[in-house]
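I opened this entry to look up how aromatic rings pair with one another and where charged side chains sit over them.

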Amino acid sequence: MRKTPGLTRRDVLTTTLGAAAFTLATRSAAAQETPLADTTKKWGRLPNALGARSPVETPKRTLNLPTSSRTPLQDLHGTITPADLHYERHHSGLAVVDPRTYRLLLHGMVDRPLTFTLDDIKRFPATTRVCFLECAGNFFGTREETTPQDVCGLTSQTEWTGVMLSTIFNEAGAQPRATWFLAEGQDAAVMTRSVPIKEVLRDAMLVYAQNGEALRPEQGYPVRLLLPGIEGNASVKWLRRLELSDQPFMTREETSKYTDPLADGTARQFSLVMDARSIITSPAYPQTIEKGFVEIRGIAWSGRGLIRRVDVSTDGGKTWKTAALQQPVLPKAHTRFRYAWQWDGRPAEIVSRAVDETGYGQPDMTALRQARGRRTRYHLNPVTGWTIAGDGRVRFGVERVRV
Amino acid sequence: MTRLLTIAAALLVATALIAAQSSPKRYGIGTPATPDQIAALDIDVRPDGMGLPPGSGSAREGAPIYAQKCAPCHGANGEGGAGDALVGAAPRDGAPFGPEYERWRNGRPDVPFTIGNYWPYATTIFDYVRRAMPASAPGTLTADETYALTAWLLAKNEIISESEAMNAETLPRVRMPARARFVPDNRKGGSEVR
C-alpha cells in the first residue's frame, strides 16, 4: 500500500494521542472497506479526504458504441444520476480544457461583444435546476437480452448550477433582431448548433456545476450550455463561443445529422424537444423475480414540461393502472414512478406509458413508424415493456418495438 | 388567516412579476472583445456565404487531397468506411426516404444518406470540413484545400462539374437536391403522434 505524506502525519498524530485503536485504524479507503463478517469487533477507517462507493457496488456505464456511453438506469434509485455515471456522447472525443485560460466569447448581433473568464461567469447571479439531458438517438431494442441501460441509457439527470443565458445576453446587449444563436464548443469537432432564441431563453443556462461540484470533463468542464428539455447535442459542451444571428447557420449537426426523414418525403429540422417517455427499470433484464410482492419501478420524463401520469400494465397493455409519482414532480425532469404488484407466477408482460402536461401520450412503435416512416433514427420514444416467464426470468419485450 | 396568507402570496407573486418585467440590469462583468479576438474564433459559414474566407479550389485540385486525407475513412470514392458515406447521387430527383423513394427502390437494398441525396446546404460541407476534418488532424486544412475538397465532394455527387471552382462567390449559389425537403419541426405535444 502506498502511503501519502498526509497519511503518515496523521498516523503519527493519532499515535501521540495514545489511543491504540486510532493507530490501528487508517484513513485509507482501499485497505479498510472490504465487507467484514462482523463489523463490530474492529475499528473501521477514520474519515478521509475523498469518499468512494462500496466495493460491492459497481455501477458502470456501458460502451455499446465508440462515441457514447450509457447510464446504468437499472442500478439507480430516485432521480439523480451520479456525475460519474452520466451518459456521454462526444462528437470528436473529450476536450480537456484549462480553466485558467478558459474564455467564452459572446458576439454577433449584440451591442457589446464580450469575453468572459470562468470567474466572470461564476460572478453572475447563480441559479440551480434539476433536469434531464437526453440524446436524440436514445433507443435500442432488438434483443430480449437488453437491459434498461441498453434500451435508453442515453438519458441522465443532474442538479445543474450556473447563470441564466438571458442574463449573459442582456450583459452584451442582445439586439432584438437576433432570433438564433450559434453555440460552439472547443472539442476537436468544434461542435456547433444553431438554437432558436425565443424557444429556449426561458430555460437556457450556462452551467459550471453538476450535482454540487464542478462539471465533469465529460460534461463540458468548465462551462457548457444547458437547454432543458432539448436534445442533448444542442447543450454544447466545453463552450467557447456564442454568436447571435438573425438566421440559423445550418451546421452539419442540424442538417445531415439530428434531422428526421419522414414517411411523406419531408425531413424535419430543428426537432429539438424530447417528447415524453418512460421505462420500467425494475424488474428488468437480467433480473429473475419471485412470486408475491413486486414493486414495479421506473422513470418517466418529458421535454415539454411535467409528467402528468404514468400508466402501468401487467397484462401486456390490455388493462392499465395509474402508477404513483414520487413528489416533487419537476418540469423537464426524470420522475420516479412506482406500482405495487402481486405476481402470481404466470407469464406476464409489464409495460409503462407516460403522459405529459400537454396531454401527449407516449406512443407505440407502430404509431411512430406510421407517422414517420422507416428511416427516421432520432426521437424514438416507444412504449416498452418486459416479459416475465413462468420461472420469473425477465426479458426485454422485443415484439412490442418490432415494426 | 388563510385569506391573509393568500393576499401575501399574491403580493409576492406580483412583486416577482414586476421584477422580472422591469428592464434587466447589467452587472459590468466581462471584457470587451476585440475584432482580432472575434476573428480568431469566428470560423462559421452560413448558407448566405457569411464567413467564407478568400481562396478557391476545384474537384481536380481536391482529388489528390481527398485520396491522401479523407479516403482512409470515407473510402476511395466517398462510399464510406469507418467514416460516413459521403458520395451517392441516387435517387437523383429524390431523397433516400418517403413514398417516391420506396417506389424507386422497389424492394432493392437501401442507399445511404449522403451529401448528394440529403445535405440541404453546400456551405455546410465547407464549414464542417474546415472545423472538424480530417479526423486525424482536425482544423489543419487551408482555405484552398477546403474549397477543393468541397468541390470534389459536390462533383462526385454530380452537383457541379469537375472543373468548377468553389469559392466565396460560387459556393453559396450551389443548390442542393434535397434542400426543399427540409421542414420545421411540427411536433407540438398534445395527443397527436407526429
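**Aromatic contacts**

I began with B:Tyr147, which counts as buried at 0% relative accessibility. B:Phe126 also counts as buried, at 0% relative accessibility. I kept in mind throughout that this is a predicted model.

I then looked up the total, and found 14 aromatic pairs over all chains of the structure. The first pair I examined was B:Phe113 with B:Tyr118, whose ring centres are 4.9 Å apart and whose planes stand at 85 degrees, so I noted the pair as edge-to-face, the cut-off being over 60 degrees. For the exposure of these two residues, I recorded B:Phe113 as partly exposed, with a relative accessible area of 23%, whereas B:Tyr118 is buried, with a relative accessible area of 2%.

I went back to B:Phe126 and B:Tyr147, whose rings have their centres 4.6 Å apart and their planes at 45 degrees, so this pair is tilted. I placed B:Phe126 in helix H6 (residues 123–132) of chain B and B:Tyr147 in helix H7 (residues 143–156) of chain B, so the pair ties together parts that are 21 residues apart in sequence.

Which residues do ring pairs link into a cluster? I listed B:Phe97, B:Phe113, B:Tyr118 and B:Phe182 as its members.

**Charges over rings**

Turning to charged side chains, I found the charged end of A:Arg353 over the ring of A:Trp320, at 4.3 Å from the ring's centre. In chain B, I noted that B:Arg108 lies over the face of B:Trp104, with 4.8 Å to the ring centre.

How values were computed
Residues are numbered from 1 along each chain as its sequence is written. Chains are lettered from A and ligands numbered from 1 in the order in which they are written. This is a predicted model: local features need pLDDT of at least 70, side-chain atom pairs count only at pLDDT 80 or more; totals for chains, interfaces and linings use all residues. Side-chain values use heavy atoms; hydrogens and water are left out. Rings of Phe, Tyr and Trp (its six-membered ring) pair if their centres lie within 6.5 Å; planes under 30 degrees apart count as stacked, over 60 as edge-to-face and the rest as tilted. Buried means under 20% relative accessible area, exposed over 50%, partly exposed in between (1.4 Å probe, protein chains only). Helices (H or I, at least four residues) and strands (E, at least two) are DSSP runs, numbered from the N terminus. A charge sits over a ring if NZ of Lys or CZ of Arg is within 6 Å of the ring centre and within 35 degrees of the ring normal.
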